Amino acid sequence: MSTKNVEEQAADTMMCCAACGTAEVDDVKLKTCTACKSARYCSVKCQREHRPQHKRACKKKAAELHDEILFKQPESSHEGDCPICCLPMSLDQTKSTMMSCCSKIICEGCVHSYEERITQGSLERTCPFCRQPPTSGGEGNNMKRAKANDPVAMVQMSLRRCWSGDYDDSFRYATKAAELGDAGAHFHLSCLYHEGHGVEKDAKKKVYHLEQAAIGGHAKARWSLGAVEKNNGRTDRAIKHWIIAAALGHDRSLDALKVCFRGGLVSKEDFAAALRAHQAAVEATKSPQREAAEEARKE
């Protein structure tokens, strides 16, 4: 059977109830299986009756769909771009600053350039992004932004609570930020589930949040997933994760690929491609302003 015929047959199947064969018409609306997206039913009764026949194929298709999303290369890391210079942010968080007034994360190059302009022009000190005057209440500003449903501020509040030992509040803030789709919040939740801080230790929930963070472009979460897969004996999946993370500029993932390459687990072509992608990601975060800031920090 040709590919076209298979596709046409699948399309026809989706137009009818998988259990009783009832076609979708004006007065009959079919609902799609939420797990595999490949079967439709006219009623809950039909779905339940068809479950024994559909279960195995459903799990297989759902796993394929999940892996398709999980192993897709993100367009950028979860750090995104600097809102001022619009260049990709470095994965090294010491090279950026979060402004508590607006929750914007600014690269060190833009912060350094702004500080120089302030000093040279004897200007009033304000936020480089929103131009609000500085305040001494960093946590207070984070709290206000968190109440306004700002996920970046929520993650900061979660981290502050975690550092102070208030794990219940840390979990609450991280959960709310994760519900808003923040990759950093998902990664922090994976750490809480791993350590059992504020919640009971749960390996499955840890992996779930690592996966959500990785899908969102969190390179460290992706590296951690690779480590989990390696420990579970699924080296092929681990390598996929590390290749994706290396392409985001993650150094530890590239180091892991080096070890696999030396052990004959990664081909020369794949390792060379990962090396080039890693270098391109790192180079994309560089600029004269950021290099000047780096030099100033060393002085």
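What is the volume of the largest pocket? In this predicted model, the largest pocket has a volume of about 1500 Å³, and the legends below describe it together with a second pocket and two residues.

**View 1. The largest pocket and the residues that line it.** The lining of this pocket is made up of 50 residues, and those that lie nearest its centre are His 78, Glu 79, Ser 90, Leu 91 and Gln 93. Two or more lining residues come from each of the strands β3 (96-99) and β4 (104-107), and the same holds for the helices α5, α7 (183-195), α9 (219-231), α11, α12 (268-284) and α13 (288-298). Sorted by class, the lining of the largest pocket holds 19 nonpolar, 17 polar and 14 charged residues.

**View 2. The second largest pocket, with about 220 Å³ of space.** Here 16 residues form the lining, and Met 99, Thr 126, Cys 127, Pro 128 and Pro 134 are the ones closest to the centre of the pocket. At least two lining residues are supplied by β3 and likewise by α3 (108-121), and it is α3 that gives the most to this lining, with three residues. By class, the lining of the second largest pocket divides into eight nonpolar, six polar and two charged residues.

**View 3. Ser 158 in helix α5.** Helix α5 spans residues 151-163, and Ser 158 is part of it. Because its relative accessibility is 1%, and a residue under 20% is classed as buried, Ser 158 counts as buried. The side chain of Ser 158 reaches the backbone oxygen of Ser 170 at a distance of 2.7 Å. When residues up to four places away in sequence are left out, Ser 158 touches Ser 170, Tyr 173, Ala 174 and His 188, so that Ser 170 appears both in this list of contacts and as the partner reached by the side chain of Ser 158.

**View 4. Leu 254 in helix α11.** Leu 254 has its place in helix α11, which covers residues 251-262. With a relative accessibility of 7%, Leu 254 also counts as buried, because this value is under 20%. Leu 254 and Ile 243 are 11 residues apart in sequence, while in space they are 7.4 Å apart, C-alpha to C-alpha. Not counting residues up to four places away in sequence, the residues that Leu 254 touches are Ala 246, Phe 271, Ala 274, Leu 275 and His 278.

Note on methods
Residues are numbered from 1 along each chain as its sequence is written. This is a predicted model: local features need pLDDT of at least 70, side-chain atom pairs count only at pLDDT 80 or more; totals for chains, interfaces and linings use all residues. Side-chain values use heavy atoms; hydrogens and water are left out. Helices (H or I, at least four residues) and strands (E, at least two) are DSSP runs, numbered from the N terminus. Buried means under 20% relative accessible area, exposed over 50%, partly exposed in between (1.4 Å probe, protein chains only). A polar contact is a pair of N or O atoms within 3.5 Å; within protein, one must be able to donate a hydrogen and the other to accept it, and residues adjacent in sequence count only if both atoms are side-chain atoms. Contact means heavy atoms within 4.5 Å. On a 1 Å grid over the protein atoms alone, a cavity is a set of points where a 1.4 Å probe fits but cannot get out, and a pocket is an open set with protein on both sides within 12 Å along at least five of seven lines; lining residues have an atom within 4 Å of a point. Grid points are joined across faces, edges and corners, and a volume is the space filled by probe spheres set on the points. Ala, Val, Leu, Ile, Met, Phe, Trp, Tyr, Cys and Pro count as nonpolar, Asp, Glu, Lys and Arg as charged, and the others, Gly among them, as polar.
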